[in-house]
Amino acid sequence: MTMDNAHGGSISSLDSLATRLSLTDDELKWREDGLTVPLLIPEYYFALIDSSDPADPLRRQVVPTRFENIPDVGEDSDPQQERSYSVTARLIHRYRNRVAFLVTDLCPMYCRHCFRRRFTGKTVGPATDTEIETAAAYIGDHLEIKEILLTGGDLLTLSDTRLERMIAIFRRYRPDLVMRLCTRTPASWPQRITDDLISVFKRNFTAPYYLMTQFNHPKELTTRSVAAVAKFVDAGIPAMNQTVLLRGVNDDADVLEELCDRLVASRIKPYYLFQGDLVTGTAHFRVPLEEGLRLEQELRRRLSGLAMPVYAVDLPQGGGKVPLSHCYLQGRDADGAWLFSTPDGELRRYPDPEVAAKHKVSETT
Ligand code: SF4
């Protein structure tokens with residue numbers, strides 16, 4: 001199955017979108033330029049949008065606005081400096097033990113908040129066999145690499161045949177390599193996930209796969225999308241979700257609580273909640289950090305450990321990912337015991353066994 005024959009149609013221009021939705025002024029004034037991603041909304045996803053609501057959270061993720069054409073201070077088209085960490089045409093080696101491979105720049109749907117817009121949707125197309133071989137050979141020479149993120153773009157825009165050829169090449173060099181399948185397709189185009197597709201992974205199962213999804217709002221968790229993920233999970237491929245914290249989409253404790261609870265009930269582990277990257281033209285999506293920290297604290301009160309994602313920020317200038325949380329550790333008291341605030345703001349004392357023992361000895365001598 002390929003994108004062309006199975007997409008079920010999609011909307012790809014402002015003019016055609018205007019015949020289906022009553023566009024706002026801000027939406028009508030969007031201009032596609034080198035820094036934006038193209039407009040592409042699959043019919044499946046479009047049907048989930050409430051056309052009478054200009055603030056619909058799914059509409060905000062896929063219908064462009066003029067704010068994308070306004071760069072903000074501190075923004076960059078490549079805030080994680082992936083270009084400087086590229087070791088081959090498509091391979092990024094930023095962390096010692098894992099690499100990211102840019103399978104293709106194409107996606108079934110383009111998200112207005114996409115952090116990799118320097119590459120995404122530029123119609124470069126899938127990696128060639130030579131590019132895959134070169135990347136696989138690099139990984140074959142670097143045994144410290146334990147995991148590969150197959151990303152882009154969206155790897156599930158590849159045909160089953162092409163996908164299998166790529167996986168087989170990587171497996172030939174490194175059968176032990178853990179593969180993360182980074183895809184938004186279960187949310188944007190779940191019809192793509194067929195038994196034939198799952199067989200591609202089953203036939204090449206020499207090491208674990210992890211499905212890395214991106215569901216940002218409970219409305220995206222439809223019966224179809226949940227069934228699509230279930231195919232992976234039933235095949236022994238665990239599903240982990242990475243949500244992007246987005247202004248006007250999910251910057252609300254009730255929405256995030258419902259999303260995380262429903263993900264767990266759908267056998268998808270909420271993994272990360274990402275603070276928006278400093279990508280050019282996305283300031284209107286970014287939630288102030290202070291507000292994000294408040295949301296994290298509220299979620300910790302409401303959610304189980306299983307349902308709680310790690311709130312994290314990918315630091316600019318390629319600084320890497322760091323977790324963000326309200327500071328629960330408050331310091332130490334005069335006896336050396338640790339002082340914590342509970343999620344409800346109360347104070348608790350934790351006497352460290354070693355310190356307490358030392359304290360006892362000094363009292364008796
Ligand atoms: S699916 Fe991923 S790569 Fe594609 S536009 Fe959305 S965020 Fe970007």
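**Close-up views of a predicted model**

**View 1. A cis peptide bond in a loop of the predicted model.** Gly-153 sits in the loop that runs between strand E5 (147-152) and H7. The peptide bond joining Gly-152 to Gly-153 is cis, with omega at about 10°. It is worth a pause here, because most peptide bonds are trans. Gly-152 and Gly-153 also turn up in View 2, since both are among the residues around the ligand.

**View 2. The shell around the ligand.** Which residues are found around the ligand? Val-37 is one of them, and the stretch from Cys-107 onward adds Tyr-110, Cys-111, Cys-114, Arg-116 and Thr-120. Gly-152, Gly-153, Asp-154 and Arg-184 complete the list. By class, this shell has five nonpolar, three polar and three charged residues.

**View 3. Helix H6 packed with helix H7.** Here we look at helix H6 (residues 129-141) and H7, whose axes are 8 Å apart and meet at an angle of about 25°. Angles under 35 degrees count as roughly parallel, and H6 and H7 are therefore roughly parallel to each other. Their crossing is right-handed. From H6, the contact draws on Ile-132, Glu-133, Ala-136, Ala-137, Ile-139 and Gly-140, while H7 brings Met-166, Ile-169, Phe-170 and Tyr-173. Sorted by class, the residues of this contact are eight nonpolar, one polar and one charged.

**View 4. Helix H7 with its other partner shown here, helix H9.** How do H7 (residues 160-173) and H9 (residues 195-203) lie relative to each other? Their axes come within 10 Å and cross at roughly 10°, so H7 and H9 are roughly parallel to each other. On the H7 side you will find Asp-160, Leu-163, Glu-164 and Ile-167, and these meet Asp-196, Leu-197 and Val-200 of H9. The contact of H7 with H9 holds four nonpolar and three charged residues, with no polar ones.

**View 5. A positive phi at Gln-81.** Gln-81 belongs to the loop between helix H5 (57-62) and strand E3 (91-95). Although Gln-81 is not a glycine, its phi is positive, at about 50°. This backbone angle deserves a look, because most residues other than glycine have a negative phi.

**View 6. The two assigned domains.** Stepping back to the protein chain, the domain assignment gives domain 1 (3-323) and domain 2 (329-364). How many Å separate the C-alpha centres of domain 1 and domain 2? These centres lie 43 Å apart.

Conventions:
Residues are numbered from 1 along each chain as its sequence is written. This is a predicted model: local features need pLDDT of at least 70, side-chain atom pairs count only at pLDDT 80 or more; totals for chains, interfaces and linings use all residues. A residue is near a molecule or strand if its C-beta atom, placed from the backbone, lies within 6 Å of it. Ala, Val, Leu, Ile, Met, Phe, Trp, Tyr, Cys and Pro count as nonpolar, Asp, Glu, Lys and Arg as charged, and the others, Gly among them, as polar. Axes are lines fitted to C-alpha atoms, for helices over the stretch in contact, and angles run from 0 to 180 degrees between N-to-C directions. Helices (H or I, at least four residues) and strands (E, at least two) are DSSP runs, numbered from the N terminus. Angles under 35 degrees count as roughly parallel, over 145 as roughly antiparallel, 65 to 115 as roughly perpendicular and the rest as oblique. Two residues are in contact if their C-beta atoms, placed from the backbone, lie within 7 Å. Domain bounds come from an automatic or database domain assignment. A crossing is left-handed if the near helix is turned anticlockwise from the far one by less than a right angle, and right-handed if clockwise.
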